[in-house]
Amino acid sequence: MTRIALLGATGSIGSQALEVVDANPDLEMCALASASQPLDDLVAKYGVAHAQVGGDLTELLEASSPDVVLNAVVGFAGVRATLWALERGVTLALANKESLVAAGDLATAAWQRGGGRLLPVDSEHSAVFQCLEGRAEHTVDSLVLTASGGPFRNRPLEELVSVTVEEALTHPTWSMGRKITVDSATLANKGLELIEAHYLFGLPYERIEVVVHPSSVVHALVRFRDGAALAHLGYPDMRVPISFALTYPDRRPTSVPTLDLAAGLTLEFAAPDPERFPLLPLAREAGERGGTFPCAFNAANEVAVSTFLDGGIGFLDMPSLVADVLGRVDGAPARDVEELVEADAEARRLAQGRLAAA
Ligand SMILES: NC(=O)c1ccc[n+]([C@@H]2O[C@H](COP(=O)([O-])OP(=O)(O)OC[C@H]3O[C@@H](n4cnc5c(N)ncnc54)[C@H](OP(=O)(O)O)[C@@H]3O)[C@@H](O)[C@H]2O)c1
């Protein structure tokens with residue numbers, strides 16, 4: 001039996017993870033966590049001894065001693081759980097990209113010390129992981145992450161100012177939680193994924209490219225030095241990368257159909273427009289500057305998205321808020337998690353201050 005702690009059990013990834021658990025009798029839930037939604041029904045269904053609504057996720061992990069931590073919490077709130085698993089060499093199935101973006105250097109060091117497995121759940125990173133498996137590092141030329149381009153890929157630029165929350169929450173190819181859906185509309189999500197890929201696969205930013213690919217069938221590609229490229233294809237359904245991570249290296253069956261090529265398949269790719277999607281170049285710049293710039297990017301973006309969702313700012317105010325915060329933080333590296341938490345808090349204070357002054 002593999003004992004899983006599912007953090008974010010009531011969310012989009014969390015509920016799909018429970019479907020994967022239901023389909024695999026050797027996967028057992030040992031802990032469940034949410035922020036505020038009750039867990040009683042899930043506790044009863046899975047006979048889980050450890051469950052927590054809110055509170056310190058590392059206490060839950062200590063008490064339940066899982067074999068695998070599936071971190072499907074949204075936002076910076078997942079940082080300590082990610083570090084907990086990496087430090088102890090407990091297998092980490094990581095959906096919570098924000099934690100690796102914000103704590104990249106600390107997480108890398110903890111991962112090296114712990115020596116455990118880090119299995120990406122993000123579909124693009126799961127794809128890269130699979131294309132890289134068994135390949136020597138020196139043969140790799142570059143990585144390519146695909147982005148659907150979201151709902152506003154073709155909308156005239158002058159109309160973006162009036163985008164509504166409802167429109168931003170309508171994603172063309174994926175069904176996801178609210179925060180990541182807005183991030184996908186601005187491409188902040190791909191910016192976070194760019195930084196995530198840098199830390200997961202150890203490549204410099206100039207060797208990680210993002211392309212817009214509207215049908216979301218190709219999840220990522222790896223280019224090799226001999227001119228070949230390997231791609232990972234499949235219908236956009238998160239149960240595939242979740243199942244891959246939870247049953248690794250077994251690649252168990254899922255209910256997701258394999259590609260029907262005879263039905264026709266259009267594979268289009270284009271460079272992302274930096275004017276339409278300014279959060280993508282801002283994320284790249286934050287990643288390249290290093291230190292706590294990625295942490296500040298993430299914190300300012302979290303404030304921007306939640307304020308947008310509450311109707312407090314418009315769609316185009318999100319990138320300007322993040323740019324403003326990145327221009328004002330010092331970005332000094334965090335030596336420990338307390339300094340990281342302080343860098344996160346400082347970026348949030350600056351973002352809130354700017355919002356209050358507007
Ligand atoms: N959804 C996708 O298809 C997808 C794909 C790739 C990556 N991801 C990543 O996966 C993560 C989760 O995304 P999602 O779409 O599943 O989000 P979601 O639907 O909003 O769910 C978030 C989950 O996290 C819980 N949570 C939030 N803060 C918490 C805290 N402090 N302590 C404990 N639990 C907390 C929520 O509990 P409550 O229900 O009580 O609020 C909920 O269960 C994000 O990092 C996202 O970027 C998602």
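**Exercises on a ligand site and two sheets**

In this predicted model, a backbone N or O atom of glutamine 37 lies 2.8 Å from an oxygen atom of the ligand.

**Exercise 1. Describe the surroundings of the ligand.**

Step 1. Begin with the polar contacts, for which the cut-off is 3.5 Å between N or O atoms. Besides the contact at glutamine 37, a polar backbone atom of alanine 35 is 2.9 Å from a ligand oxygen. For glycine 8, a polar backbone atom and an oxygen of the ligand are 3.3 Å apart.

Step 2. Turn to cover. On its own the ligand has 900 Å² of accessible area, and the protein covers 86% of that.

Step 3. Find the elements involved. Helix H1 (12-23) and helix H5 (97-102) are the ones that give two or more residues to the shell around the ligand.

Step 4. List the shell. It holds 24 residues, of which Thr10, Ser36, Gln37, Glu98 and Gly177 come nearest. Sorted by class, there are 12 nonpolar, 9 polar and 3 charged residues.

**Exercise 2. Work out which strands stand at the edges of the sheet of 6 strands, and give one bridge pair.**

Step 1. Write down the strand order. The sheet is open, its pairing is parallel, and the order is S3-S2-S1-S4-S5-S6.

Step 2. Read off the ends. Strand S3 (50-53) and strand S6 (118-120) each have a single partner strand, so one side of each has no neighbour in the sheet.

Step 3. Add the geometry. On average, neighbouring strands here are turned by 20° against each other, direction ignored.

Step 4. Take one pairing at an edge. S6 is joined to strand S5 (residues 91-94) in the parallel sense, over 3 bridges. In one bridge, alanine 93 is partnered by leucine 119 of S6.

**Exercise 3. Do the same for the sheet of 4 strands, then place the helices packed on it.**

Step 1. The order in this open sheet is S8-S7-S9-S10, with mixed pairing.

Step 2. The edge strands are S8 (208-212) and S10 (229-233); each has a single partner strand, so one side of each is left without a neighbour in the sheet.

Step 3. For an antiparallel pair, take strand S7 (residues 140-147) and strand S9 (residues 218-224), which are joined by 5 bridges. Serine 142 stands opposite arginine 223 in S9.

Step 4. Place helix H7 (residues 123-132): it packs on the sheet, touches S7, S9 and S10, and makes about 35° with the direction of S9.

Step 5. Place helix H10 (residues 188-201): it also packs on the sheet, touching S7 and S8, and its direction makes about 150° with that of S7.

Note on methods: Residues are numbered from 1 along each chain as its sequence is written. This is a predicted model: local features need pLDDT of at least 70, side-chain atom pairs count only at pLDDT 80 or more; totals for chains, interfaces and linings use all residues. Side-chain values use heavy atoms; hydrogens and water are left out. Two strands pair if DSSP finds at least two bridges between them. Axes are lines fitted to C-alpha atoms, for helices over the stretch in contact, and angles run from 0 to 180 degrees between N-to-C directions. A residue is near a molecule or strand if one of its heavy atoms lies within 4 Å of it. A polar contact is a pair of N or O atoms within 3.5 Å; within protein, one must be able to donate a hydrogen and the other to accept it, and residues adjacent in sequence count only if both atoms are side-chain atoms. Accessible areas come from the Shrake-Rupley method with a 1.4 Å probe; for residues, only the protein chains shown count as cover. Ala, Val, Leu, Ile, Met, Phe, Trp, Tyr, Cys and Pro count as nonpolar, Asp, Glu, Lys and Arg as charged, and the others, Gly among them, as polar. Contact means heavy atoms within 4.5 Å.
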